[in-house]
Amino acid sequence: MARFYMNLHECGELISDEEGMELGGEADARREAVAAAREVMCAEVAEGRLCLSCSIVVEDEQRREVMRVMFREAVAVTGL
């Protein structure tokens, strides 16, 4: 198990994850980041807005960036 941190970059604001979570690896971290992005997007839609250029930046135990999940990558947009 490894500790990963999910930092939210939302419309110019950084919300840093100070606790992190123990996960099995980078694949698990990506799944958690996608789920977190979708939760934030749900809240945005409830407020009548949606920013697809926001992201979740995943850091490892040494606080090094290992991946960035863009909100636009976490959903399939259809019907435009």
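This report describes a strand hairpin, its loop, a strand residue and a surface patch in a predicted model.

Residues are numbered from 1 along each chain as its sequence is written, and side-chain values use heavy atoms, with hydrogens and water left out. Because the model is predicted, local features need pLDDT of at least 70 and side-chain atom pairs count only at pLDDT 80 or more, while totals for chains, interfaces and linings use all residues.

**The β4–β5 hairpin**

Strand β4, residues 55-59, runs antiparallel to β5 and is joined to β5 by five bridges; strands here are DSSP runs (E, at least two residues), numbered from the N terminus, and two strands pair if DSSP finds at least two bridges between them. One of the bridge partners is given by S55 in β4, whose partner in β5 is M70. The hairpin has five residues between the strands, and R63 takes a positive phi there.

**Surroundings of S55**

Is S55 buried or exposed? With a relative accessibility of 3%, S55 counts as buried, where buried means under 20% relative accessible area, exposed over 50%, and partly exposed in between (1.4 Å probe, protein chains only). Leaving aside residues up to four places away in sequence, S55 touches N7, L8, H9, R68, V69, M70 and F71, a contact being heavy atoms within 4.5 Å. The side chains of S55 and R68 are also joined by a polar contact of 3.5 Å, that is, a pair of N or O atoms within 3.5 Å, of which, within protein, one must be able to donate a hydrogen and the other to accept it, and residues adjacent in sequence count only if both atoms are side-chain atoms. The C-alpha atoms of S55 and E73 are separated by 9.2 Å, and these residues are 18 apart along the chain.

**Positive phi values**

Two residues other than glycine have a positive phi, as tabulated here.

| Residue | Phi | Place |
|---|---|---|
| C11 | near 50° | loop between β1 (2-10) and β2 (13-15) |
| R63 | near 65° | loop between β4 and β5 |

At 30% relative accessibility, R63 counts as partly exposed.

**The nonpolar patch**

V75, V77 and L80 make a nonpolar surface patch of about 340 Å². Such patches are made of residues with over 30% relative accessible area and no salt bridge, like charges being joined within 9 Å and nonpolar side chains (Val, Leu, Ile, Met, Phe, Trp, Tyr) within 5 Å; a salt bridge is a side-chain nitrogen of Lys or Arg within 4 Å of a carboxyl oxygen of Asp or Glu. V75 lies in the segment after β5 (65-70) and is partly exposed, with a relative accessible area of 34%.

Methods. Areas by Shrake-Rupley, 256 points an atom, 1.4 Å probe, with all protein chains shown as cover. Helix = DSSP H or I, 4+ residues; strand = E, 2+ residues; numbered from the N terminus.
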